[in-house]
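Visitor: Please take one part of this structure and go over it closely, then show how it sits among its surroundings. A connected account would suit me better than a list.

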Amino acid sequence: MILSDNLFDEILVNPMYQGSNKLCIVSGYATAAMVFRHMQHAKEEKLDINVHLLVGMCPSDGISNSNHRGFNQLVGDDFRGSFECSYIFSQPAVHSKVYTWLRDDNPICSFAGSANYTQNAFSERQMEIMSPCDPISAYDYYQSLLEKSIYCTHNDVEGLISIYEEHRAKQQAATSDELPVHLTGLESARVSLITKQGVVPTRSGLNWGQRAGRNPNQAYLSLSADIYRTDFFPERKTHFTVLTDDGKSMICSRAQDNAKGIHTPHNNALLGEYFRNRIGLASGVPVVKRELENYGRTDVVFYKIDNETYYMDFSV
């Protein structure tokens, strides 16, 4: 039997409803945004899940710094105890895509095919096929690769795996409008932090949490119609990694009516905390235009690296 439709549910969700609680993945390529989408979906559905990921093509292709940092954050903070990630470090590289579900430690079902553990593969943007396979043999295959792998959090990982920057921004030159190196030619969008009236909204945008019963740091970036009506950012259900000019990374997604906002879905106070820290405000303090002007920017510019990775420039 070949599966080609609705692979996210068929491969990654339905086995949880059938009693499986552990997923062991061998995938040539994988992204932190995909891990977040999958784990967050399970959390929202109140499903118990442990994911163990082996990324296979690292010996030949390395891994991007954005995904490396994302995996480390997911392992250490966001889904501690529920997610583990390791990289194959010795040749030959592993291009396989095998998903094995277990109930406790007993293999229950498994699927093999063409779909990497990425949102592109588990979306309608490209065609993939997967087929059920013997779960015991698939789990044996997964276990046979463990000795050739290293945890993404291991101190020696950078000595064994090439970790590369998608876009290495240089320090700004004397003119503030000079484009950082390697961003030239990328599609971009400028997002204002103030309204057309020239103010920071008091209860939306960066001040979304400034109301009773909310975390005062809750925030989102408001997109103008000429941005949210395009396909510059992914659709609402797709998560994406945002790299920042000061070396941070955040998992983000679309929010608000008409998907006109960008927020951090795991904890939508993270974005507000980031901007307050960046402009020198104490946690929870309302953001006003004067503070942004004192910092030197009232907008940010997003550069689209790919459908799951963006670079956000808030440099002065």
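Guide: For sorting lining residues, Ala, Val, Leu, Ile, Met, Phe, Trp, Tyr, Cys and Pro count as nonpolar, Asp, Glu, Lys and Arg as charged, and the others, Gly among them, as polar. The model is predicted. The part chosen is the enclosed cavity, followed by the elements around it.

A search of the whole structure finds 1 cavity of 30 Å³ or more. The volume of the largest cavity is about 50 Å³. Its lining consists of Ser 66, Gly 70, Gln 73, Leu 74, Asp 78, Thr 241, Ser 249, Met 250 and Ile 251. Two elements, H4 and E13, each give two or more residues to this lining. The largest contribution is that of H4, with 5 residues. By class, the lining holds 3 nonpolar, 5 polar and 1 charged residue.

Helix H4 covers residues 65-78 and lies across strand E12 (240-244), E13 and strand E16 (309-313), at about 110° to E12. These strands belong to an open sheet of 7 strands with mixed pairing, in the order E10-E15-E16-E12-E13-E14-E11. At the edges stand strand E10 (188-192) and strand E11 (221-222); each has a single partner strand, so one side of each is left without a neighbour in the sheet.

E13, the other main contributor to the cavity lining, spans residues 249-255 and runs antiparallel to strand E14 (residues 261-263), with 3 bridges between the two. Ala 255 is placed opposite Gly 261 in E14. The loop between E13 and E14 contains Ala 259. With a relative accessible area of 10%, Ala 259 is buried, the cut-off being under 20%. Leaving aside residues up to four places away in sequence, Ala 259 touches Leu 223, Tyr 228, Arg 236 and Arg 254. Ser 20 is 239 residues from Ala 259 along the chain, and their C-alpha atoms are separated by 33 Å.

H4 also takes part in the packing of another sheet. This is an open sheet of 7 strands in the order E7-E6-E5-E1-E2-E4-E8, again with mixed pairing. Its edges are strand E7 (130-133) and strand E8 (149-151), each with a single partner strand, so one side of each is left without a neighbour in the sheet. From one strand to the next, the twist averages 20°. Within the sheet, strand E2 (residues 50-55) pairs with strand E4 (residues 83-88) in the parallel sense over 5 bridges, and Leu 53 stands opposite Cys 85 in E4. Helix H1 (residues 7-17) packs on this sheet, where it touches strand E1 (22-27), strand E5 (97-103), strand E6 (106-113) and E7, and its direction makes about 20° with that of E5. H4 packs on the sheet through contacts with E2 and E4, and its direction makes about 145° with that of E4.

H4 further contributes to an open space. The largest pocket has a volume of about 430 Å³. It is lined by 27 residues, of which Tyr 29, Ala 30, Thr 31, Asn 67 and Thr 118 are the closest to its centre. Helix H2 (32-44), strand E3 (63-64) and H4 are the elements that give two or more residues to the lining. That lining divides into 10 nonpolar, 13 polar and 4 charged residues.

The second largest pocket, of about 360 Å³, involves the edge strands of the sheet that contains E13. Among its 17 lining residues, Ser 192, Ile 194, Thr 195, Ser 222 and Ser 224 are the closest to the centre. E10 and E11 are the elements that give two or more residues to the lining of this pocket, and the largest share, 3 residues, comes from E10. Its lining is made up of 9 nonpolar, 6 polar and 2 charged residues.

One further helix may be noted. Helix H8 (residues 270-279) is mostly covered, with 7 of its 10 residues buried. These are Leu 271, Gly 272, Tyr 274, Phe 275, Arg 276, Arg 278 and Ile 279. Gly 280, just after H8, takes a positive phi of about 85°.

To return to the starting point, H4 gives the most to the lining of the largest cavity, touches E2 and E4 in one sheet, and lies across E12, E13 and E16.

Notes:
Residues are numbered from 1 along each chain as its sequence is written. This is a predicted model: local features need pLDDT of at least 70, side-chain atom pairs count only at pLDDT 80 or more; totals for chains, interfaces and linings use all residues. Side-chain values use heavy atoms; hydrogens and water are left out. Two strands pair if DSSP finds at least two bridges between them. Helices (H or I, at least four residues) and strands (E, at least two) are DSSP runs, numbered from the N terminus. Contact means heavy atoms within 4.5 Å. Axes are lines fitted to C-alpha atoms, for helices over the stretch in contact, and angles run from 0 to 180 degrees between N-to-C directions. On a 1 Å grid over the protein atoms alone, a cavity is a set of points where a 1.4 Å probe fits but cannot get out, and a pocket is an open set with protein on both sides within 12 Å along at least five of seven lines; lining residues have an atom within 4 Å of a point. Grid points are joined across faces, edges and corners, and a volume is the space filled by probe spheres set on the points. Buried means under 20% relative accessible area, exposed over 50%, partly exposed in between (1.4 Å probe, protein chains only).
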